[in-house]
Structures are given as structure tokens and as C-alpha cells.
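This report covers disulfides, two small sheets and one helix. Start with the structure below.

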Amino acid sequence: MLRALLLLLATAALLSGDAAAGTGSGDKPTPPCSPPDRAALLGFKAGITADTTGILATWAGDDCCGGGWEGVACDAATGRVVSLRLESQRGRHMAGAISPSLGGLEFLESLVIRDMGRLVGAVPDALSRLTRLQQLYLEGNALAGGVPGKALSKMTSLRYLSLAGNRLEGPLPPELGRLRGLEQINLAGNRLTGGIPSSYGNLSSLAYLDLSGNLLSGVVPEFVGQRFKSLALLDLSNNSFSGELPASLYTLRDLADLSLSHNKIAGRIPPQIGSLRSLNSLALDDNLLAGPIPKSLFGLPKLWRLDLSKNKLNGALPDFAGGGSLKWLDVSRNAIGGQIPSSISKLHGLERLDISRNRVGGVIPATMAAMASLEWLDLSSNAIVGRIPDNFTRMAGVRHASFRGNKLCGRIPQAAPFNRFPAAAYAHNLCLCGKPLPPCRKIS
């Protein structure tokens with residue numbers, strides 16, 4: 001949700017004048033597009049070998065501003081092209097390459113070529129001539145080669161950069177550190193290697209950094225928290241980053257979305273993480289983190305998603321006195337012991353709870369029945385004893401539940417939804433009985 005909002009705000013900030021682009025004020029006619037701009041656009045069209053979107057079929061006639069050229073917006077006063085937006089819908093695509101001729105659109109402020117799928121070749125170095133460009137989105141294509149750092153560093157007005165979802169390889173270019181006005185970098189979903197260059201510490205305006213889904217390695221630099229004071233989103237997931245969580249991260253007061261999942265991050269989660277008061281989503285799953293879960297996490301007033309699964313966390317589950325905003329809590333596949341605290345009922349908005357594959361013992365607290373929003377409950381593969389509380393039938397919204405692999409005994413609550421789950425949900429316990437398992441024996 002945050003990602004979409006940031007992208008929407010970036011686009012709106014740049015293109016707020018597009019509604020008036022291509023139209024005049026009063027009775028004054030809009031000037032036609034300049035011949036160099038028209039030639040640059042036709043050069044791009046010539047490099048496209050197939051177009052199932054139908055966009056380029058509208059590029060006909062002499063006037064690319066007032067002639068109905070889809071995706072093209074011009075300055076209403078000068079007739080120069082200031083925006084080019086080509087976005088796929090319903091799986092349609094363009095095939096071919098991005099022509100260097102687009103470098104001739106010298107007044108261009110926004111260039112978006114998104115989700116075309118079959119645009120191949122490199123990002124043209126000629127785009128370096130676009131010194132007025134503020135937004136460059138070439139995402140969801142099949143572009144190859146490296147990230148053209150030298151060319152991008154010449155776009156001195158650039159604020160928003162996304163080359164996500166391509167086939168780019170090689171290291172992160174240190175030259176991007178020269179673009180001190182950058183507010184967004186999204187290079188996710190490529191094949192980039194190496195570490196984060198130290199020059200990126202110059203990007204003090206950065207609010208959005210997404211490098212997920214690459215082959216990056218090394219430590220998460222301390223300057224991320226020291227210099228990126230406006231950072232709202234940091235996604236380094238699905239890489240091979242190692243080391244510990246940098247202490248500087250906990251000073252980022254605007255950070256709302258933090259994902260370091262599927263890496264090799266080790267060490268402990270310190271209590272200072274409770275300083276991230278703006279945090280909405282925290283994903284640290286599938287790492288090498290150890291030690292207890294800090295109680296301070298459940299005092300974060302805006303946190304709705306917390307995923308700490310697939311680590312080496314131990315100790316007991318903390319008290320859940322806070323955490324009322326949580327909707328998703330996954331601590332599965334760790335070494336957590338102790339028992340489920342009765343204060344878990346304070347998570348009244350929780351929709352998904354997964355504590356499976358740990359070492360949790362004790363009984364299931366009856367207070368959990370107050371969790372009326374719960375839809376997914378997994379307590380499997382632990383050492384829980386006692387019985388499933390009868391009042392669990394109050395949780396009528398549960399669509400999935402698993403209690404298998406514990407030491408439970410007694411009658412399964414004989415009302416929906418718990419008598420409708422498959423037998424596998426209750427398997428491998430001591431002596432559970434009742435539908436969907438065999439009926440309980442009467443004691444004479």
C-alpha cells in the first residue's frame with residue numbers, strides 16, 4: 001500500500017499540469033509540437049517491431065501535441081513535449097528496443113515506459129541529454145546490460161528513478177550518488193550484484209529505496225540511517241546481505257515500511273527498534289536472527305504487519321499489552337519457548353496468527369476467543385498441552401486453523417468453524433476426539 005501511494009504521489013507531483021497540456025488558455029490555439037520532438041517520437045516508433053497496445057497507431061499526422069498522440073503531453077505555451085507515458089494494460093505489450101532518439105526530447109520532464117514486457121536491449125546512453133527529466137520509469141520490461149550510471153548522473157534534475165523488473169546485471173553504479181536530488185530509487189527485480197556503494201550516502205533526500213530481488217551482498221551500511229533521514233520505505237529483501245541490523249536504522253522517524261527478509265542478517269533484534277514509531281510493516285523473515293523478540297515491537301502504534309518467521313529466535317513470547325494495530329503476526333519456524341500469554345487477546349484486530357514450528361508449551365489461553373477478527377490460526381508443531389477451549393466457537397471468522405503436532409487432549413469444540421476443519425488440522429496430538437476425529441469415549 002505504501003509503495004503504491006509513494007509512486008502515486010511522485011507521479012501527481014510531476015504531472016499535475018498534464019490536464020492542461022496540449023490545450024490553450026481562452027481562445028488562444030495550442031502551438032503544434034516542434035519538428036525535433038516529433039522526429040524523436042517517430043524514431044522511437046520505428047524501433048518498435050510489434051505493438052499490441054494500439055498506442056503507437058495514434059501517432060499519426062504532423063501535430064504530436066494536439067493531434068491525439070496517446071501518451072504524449074506538451075507544454076500548452078511552447079508546444080514542446082514534456083511528458084511521455086506508455087503503460088501496458090490487460091497484458092498487452094510492445095516489442096523492440098528503446099530508441100536513442102528519445103534523447104532528443106530536450107524539454108522532457110517525465111518518461112514512463114512501464115510493463116511492456118518485450119522491450120529489450122540496453123537503456124540508451126543518449127537519455128543523458130534529458131537534463132530536465134525529473135521522473136524516469138522504465139520498469140517491467142526486458143531491458144538488459146548494466147545500470148547506465150554515467151548517463152544517469154548527467155540527468156541533474158532527476159528525482160524519481162525506477163528500472164525495476166528488468167534483466168539488468170552488474171554492480172550498483174556509484175555515479176548515482178551524484179544525484180543529490182533523488183527521492184526514489186527502485187532497482188528491484190533485476191540481477192544486480194555487489195554491495196551498496198558508499199557514494200549513496202550523499203543521497204540525503206532519499207525517501208524510497210527498493211533494491212529487492214537482486215543478487216546483492218555485503219552489509220547494510222550505517223549511512224542508511226545516518227543520511228537518509230526522510231526515508232519512508234527500505235526494501236532490501238531477497239538478496240544476500242549479511243552482518244547485523246545497523247543501529248542507525250532506529251533513528252529513522254519517518255520509516256513506514258522496512259523489509260530485509262530472505263537475506264543472511266544475523267545478531268539480535270534490539271529493543272531500540274521500538275523507536276520506529278511510524279512503522280507500518282516490518283519483514284525480517286528468513287534470516288539468521290537470534291535472541292528474544294523485543295517487547296518494544298508491540299508498542300509501535302501503527303504496525304499492522306510483523307513477520308519474524310524462519311529465524312533462530314528464542315525465549316518466550318513477549319507480553320502483548322500493546323500491538324492493537326497488528327493484523328498479521330508470523331513468528332513461525334523459530335525456537336520460541338514459554339507459553340502463549342493471555343494478553344494475546346489484546347491483539348483484537350489480528351487477522352493472521354502463525355506460531356507454528358516452535359517450542360511453545362503450556363495451555364491455549366481461553367482469552368484468545370476474544371480475537372474476533374482472526375481468520376488464520378496456526379499453532380501446529382509445538383508442545384502445547386491441555387484442550388482447545390470450548391469458547392473458541394466465538395471466533396466464527398476463522399477460515400484456517402491447525403493444532404496438529406502438539407500434546408492436546410479432549411473434545412474438539414463441536415461447532416462451526418472448528419468442527420468443519422479437516423482431520424489433518426488436529427492430527428498427531430495425544431487424545432483429541434470429536435468431529436472431524438473419531439467420537440469421544442464415554443467414561444462409565
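Which residue forms a disulfide with C409, and how far apart are their sulfur atoms? The partner is C431, and the two sulfur atoms lie 1.1 Å apart. Keep in mind that this is a predicted model. The link of C409 and C431 is left-handed, with -100° about the S-S bond. C409 belongs to strand 26 (residues 407-411) and C431 to strand 27 (residues 431-433), so the disulfide ties together parts 22 residues apart in sequence. C409 is partly exposed, at a relative accessible area of 29%. C431 is partly exposed as well, at 35% relative accessible area.

**The sheet around this pair**

Strands 24, 26 and 27 form an open sheet in the order 24-26-27, with parallel pairing. Strand 24 (385-386) and strand 27 stand at the edges with a single partner strand each, so one side of each has no neighbour in the sheet. Strand 26 and strand 27 run parallel and are joined by three bridges. Within this pairing, G410 stands opposite L432 of strand 27.

**Disulfides across the structure**

A search of the whole structure finds four disulfides. Number the bonded cysteines in sequence order, and the pairing reads 1-2, 3-4, 5-6, 7-8. Three of the links, with their S to S distances, are listed here.

| Disulfide | S to S | Torsion about S-S | Handedness |
|---|---|---|---|
| C33 and C64 | 2.2 Å | 135° | right-handed |
| C65 and C74 | 2.0 Å | about -90° | left-handed |
| C409 and C431 | 1.1 Å | -100° | left-handed |

Where does the link of C33 and C64 sit in the chain? C33 lies in the loop between helix 1 (2-15) and helix 2 (35-46). C64 lies in the loop between strand 1 (48-51) and strand 2 (72-74). The pair links distant parts of the chain, 31 residues apart.

Are C33 and C64 buried or exposed? Both C33 and C64 are buried. C65 and C74 are buried too. Why is the disulfide of C65 and C74 called left-handed? The torsion about its S-S bond is about -90°, so the link takes that hand.

**Helix 2**

Does the span of helix 2 agree or disagree with 1.5 Å a residue? Its twelve residues should span 16 Å, and the end C-alpha atoms are 16 Å apart, which agrees. Which residues of helix 2 are buried? They are D37, A40, L41 and F44. Seen down the helix axis, these buried residues fall within an arc of 95°, so they line one face of helix 2. P35 and A46, on the other side of helix 2, are exposed. The cover over the buried residues of helix 2 includes strand 1, strand 2, strand 3 (81-87), strand 4 (94-97) and strand 5 (110-114).

**The sheet with strand 1**

Strand 1 also takes part in an open sheet of three strands, in the order 1-4-6, with mixed pairing. Its edge strands are strand 1 and strand 6 (117-120), and each pairs on one side only. From one strand to the next, the twist averages 10°. Strand 1 pairs with strand 4 in the antiparallel sense, over three bridges. Which residue of strand 4 is the bridge partner of D51? That residue is M94.

Methods
Residues numbered from 1 in each chain as written. Predicted model: local features only at pLDDT ≥ 70, side-chain atom pairs only at ≥ 80, totals over all residues. Heavy atoms only, no water. Disulfide = S-S within 2.5 Å. Helix = DSSP H or I, 4+ residues; strand = E, 2+ residues; numbered from the N terminus. Buried < 20%, exposed > 50% of the residue type's maximum accessible area, 1.4 Å probe, protein only. Pairing = 2+ DSSP bridges. Expected span 1.5 Å × (residues − 1). Arc of directions from axis to C-beta. Contact = heavy atoms within 4.5 Å. Axes fitted to C-alpha atoms, helices over the stretch in contact; angles between N-to-C directions.
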